[in-house]
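Here are a few exercises to work through with the viewer open. Try each task yourself before you read its solution.

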Amino acid sequence: MEVVSSITTKLQGLSTSDHASVVSMNLFVALLCACIVIGHLLEENRWMNESITALLIGVCTGVVILLVSGGKSSHLLVFSEDLFFIYLLPPIIFNAGFQVKKKQFFRNFITIMLFGAIGTLISCCVISLGAIQFFGRMDIGEFDVGDYIAIGAIFAATDSVCTLQILNQDQTPLLYSLVFGEGVVNDATSVTGLVSAYIIKTLYFGRHSTDREVSLMILMAYLSYMLAELFYLSGILTVFFCGIVMSHYTWHNVTESSRVTTKHAFATLSFVSEIFIFLYVGMDALDIEKWSAVSDSPGTIVTVSSVLLALVLLGRAAFVFPLSFLSNLSKKSPNDKIDIKQQIVIWWAGLMRGAVSMALAYNKFTSGGHTHLRGNAILITSTIIVVLFSTVVFGLMTQPLIRFLLPDGKSQSSTAVSSHAGSPKSITVPLLGEGQDSLEDLAQQHLNGGNRLRALLTTPTHTVHYYWRKFDNAFMRPVFGGRGFVPFVPGSPTERTSASITTPFQ
C-alpha cells in the first residue's frame with residue numbers, strides 16, 4: 001500500500017506540474033496574439049514598432065505576475081539561452097538571408113566585412129579595456145581577464161534581431177545591408193543550401209507532393225545551423241548564407257505553389273520568433289532572484305549600467321567613423337560613399353542590445369539561468385537595464401532620426417536597389433534587378449578597356465560580381481538550378497500559364 005501511495009503521490013505531482021506548464025503556455029500564446037494585434041494597431045505610429053511593443057507588454061505582464069505571486073516570480077517561462085539559440089534565432093536569421101536584396105548586400109560586402117570583423121574587434125577591445133578601468137575600481141566582485149573580454153564580446157556585437165525590427169531594407173537599403181550584415185558576419189558559410197538545391201532539382205519532389213519540397217527546404221535550412229554548431233562554427237552566419245543560397249538556387253527549383261508557401265512559411269516563423277523573444281525578455285527583466293541578490297546596492301547597478309552604455313556608445317563610434325572613412329577611400333563615385341549623415345545613422349542603429357546580449361550574459365555569468373554570486377548578479381541585472389534602455393530609447397529614436405537626417409530615404413531605395421523578386425520578395429523582376437549591374441553593363445564597364453587588373457583594383461566588388469555571374473551561369477546553375485529553371489509538373493499553375501500563352505486563340 002505504501003508503494004501504491006508513493007506512486008500515486010508522484011503521479012499527482014507530475015499532473016500538477018504538467019497542468020501548470022499548460023496554463024503557462026496558454027497565457028504566453030495569448031500574449032503573443034495580443035502583441036500581434038496591438039502591433040498591427042500601432043503600425044502607422046512613427047515611434048513604436050512591434051519589438052518595443054512586445055518588450056513593454058512583457059514588462060507589464062511581469063509586473064502583474066510579480067504582484068499575483070506575492071513577489072516570488074515575474075515570468076511564465078524561464079529564460080533559456082538554449083531555447084533562444086537553438087529554436088528562436090535560426091528562423092529569424094535564415095529568413096533575413098532568404099529575403100535579403102542580394103545585389104545590395106554583395107555590393108557592400110567589403111564594407112560589411114570591415115564593420116563585422118575589424119569593427120567588432122575594435123568595439124570589443126574598447127569595451128573590455130573600459131570595463132577593466134572602471135569595474136576594477138568598484139566593489140562588484142572578482143573578475144579575471146577572461147570575464148572582461150567576455151563583457152566586451154557581449155556588448156560589442158550588433159543585435160541582428162533588433163536591426164531587423166527598426167531598419168527597412170526597402171526604405172534604407174544601404175544602411176540595412178551595412179548594419180545587419182555587420183551583425184551576422186563572423187567566421188563560416190554553408191553548403192547545405194546547395195545540397196538542397198541539387199536534391200530538389202534532380203528529384204522533382206513537387207511532381208508528387210508540395211509538402212515534401214517545403215519540408216525538405218525547412219529541414220535542410222535548420223540542418224545547416226545545427227551542423228555549424230556541432231563543429232563549433234558560426235551557426236548565425238551559416239544559416240544566413242544558407243538562406244541566400246536557397247533563395248538563389250533552391251527556391252527556383254520548386255513548383256510555384258511551393259515558392260509561395262515557403263516564402264510565407266519562413267516569414268511567419270521569423271515573425272513569431274521575433275515577437276516571442278522580445279516578450280520573453282520583457283518578462284524576464286523583472287526576475288526577482290537576480291534583483292534580490294543586488295537589492296542592497298541599487299547605486300552600483302545604475303553606475304555599472306551607465307558605464308556599459310557609455311562604453312557601447314564609445315566602442316561603436318571608435319570603428320564606424322574611421323572604417324567608413326577607409327571604405328570611402330576605395331569608392332570613386334560620390335553616390336557610393338557613406339556620407340556623415342549615413343554614418344551617424346549606422347552608428348545609432350547599431351547601438352541596441354537585445355536578446356542576443358542577454359543570452360550571452362546568461363551563458364557566461366549564470367548556471368542554468370540562476371546565480372547567487374553578487375558580482376555575476378550585478379552584471380546580469382546591468383545587462384537587462386542596458387537591453388531595456390537601448391531597445392526602447394535607441395529603438396524609439398531610430399526611425400525619427402532616419403527621417404530627419406535622410407528625408408529622401410524612399411527615393412534612395414528606388415535608385416540604389418531595384419525591387420527584385422527573382423528572390424522570394426516578389427516574382428516579377430529578374431534577380432539582379434535592372435540597370436548598371438546587369439551582365440551586359442558589367443561586361444562593358446570592366447572588359448571593354450581590356451585591362452582586367454585595373455578594373456579589379458578600381459571597382460573590386462563590381463568586377464568580382466561580373467566574373468561570379470559568368471561562373472554562376474556557366475557552371476552553378478546547370479547543376480543546382482536557379483532563376484530560369486522551371487520544373488515541369490503536370491497540371492501545375494506553371495503548365496497552365498504556359499499553355500495559355502502558347503495557345504492564346506484556343
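The exercises below use this predicted model.

**Exercise 1. The overall make-up**

Task: Find how many helices and strands the protein chain has, and what share of its residues is buried.

Solution: Start with the secondary structure: the protein chain has 22 helices and 0 strands. Next, turn to burial: of the 506 residues, 51% are buried. Finally, look at the contacts with a separation of 6 or more: 80% of them join residues 24 or more positions apart.

**Exercise 2. α3 against α12**

Task: Describe how helix α3 and helix α12 cross, and which residues meet.

Solution: Begin with the axes of α3 (residues 81-99) and α12 (residues 256-284), which come within 8 Å and cross at roughly 135°. The two helices are therefore oblique to each other. Now check the hand: the crossing of α3 and α12 is left-handed. Then list the partners. From α3 they include L83, F84, L88 and F98, and from α12 they include F266, L269, F276 and Y280. Sorted by class, the residues of the contact of α3 with α12 are 13 nonpolar, 5 polar and 2 charged.

**Exercise 3. α2 against α17**

Task: Do the same for helix α2 and helix α17: at what angle do they cross?

Solution: The axes of α2 (residues 50-68) and α17 (residues 374-405) come within 10 Å and cross at roughly 140°. Because oblique includes angles over 115 degrees that are not over 145, α2 is oblique to α17. The crossing of α2 with α17 is left-handed. On the α2 side the contact is made by I52, L55, L56 and V59, and on the α17 side by L388, T391, V392, G395 and L396. The classes in this contact of α2 with α17 are 7 nonpolar, 2 polar and no charged residues.

**Exercise 4. Cysteines**

Task: Count the disulfides, then explain why C35 has no bond to C33.

Solution: Recall that a disulfide is a covalent bond between the sulfur atoms of two cysteines. The cut-off for the sulfur pair is 2.5 Å. The closest cysteine sulfur to that of C35 is in C33, 9.2 Å away, so the two are too far apart for a bond. The count is 0 disulfides. As for burial, C35 is buried at a relative accessible area of 2%, and C242 is buried at 0%.

**Exercise 5. A glycine in a loop**

Task: Locate G350 and decide whether G350 is buried or exposed.

Solution: First, place G350 in the loop between α15 (340-349) and α16 (355-365). Its relative accessible area is 0%, so G350 is buried. Last, find R316, 34 residues away along the chain: the C-alpha atoms of G350 and R316 are separated by 7.8 Å.

Technical notes. Residues numbered from 1 in each chain as written. Predicted model: local features only at pLDDT ≥ 70, side-chain atom pairs only at ≥ 80, totals over all residues. Heavy atoms only, no water. Axes fitted to C-alpha atoms, helices over the stretch in contact; angles between N-to-C directions. Helix = DSSP H or I, 4+ residues; strand = E, 2+ residues; numbered from the N terminus. Parallel < 35°, antiparallel > 145°, perpendicular 65-115°, else oblique. Left-handed = near helix turned anticlockwise from the far one by under 90°. Contact = heavy atoms within 4.5 Å. Nonpolar A, V, L, I, M, F, W, Y, C, P; charged D, E, K, R; others polar. Buried < 20%, exposed > 50% of the residue type's maximum accessible area, 1.4 Å probe, protein only.
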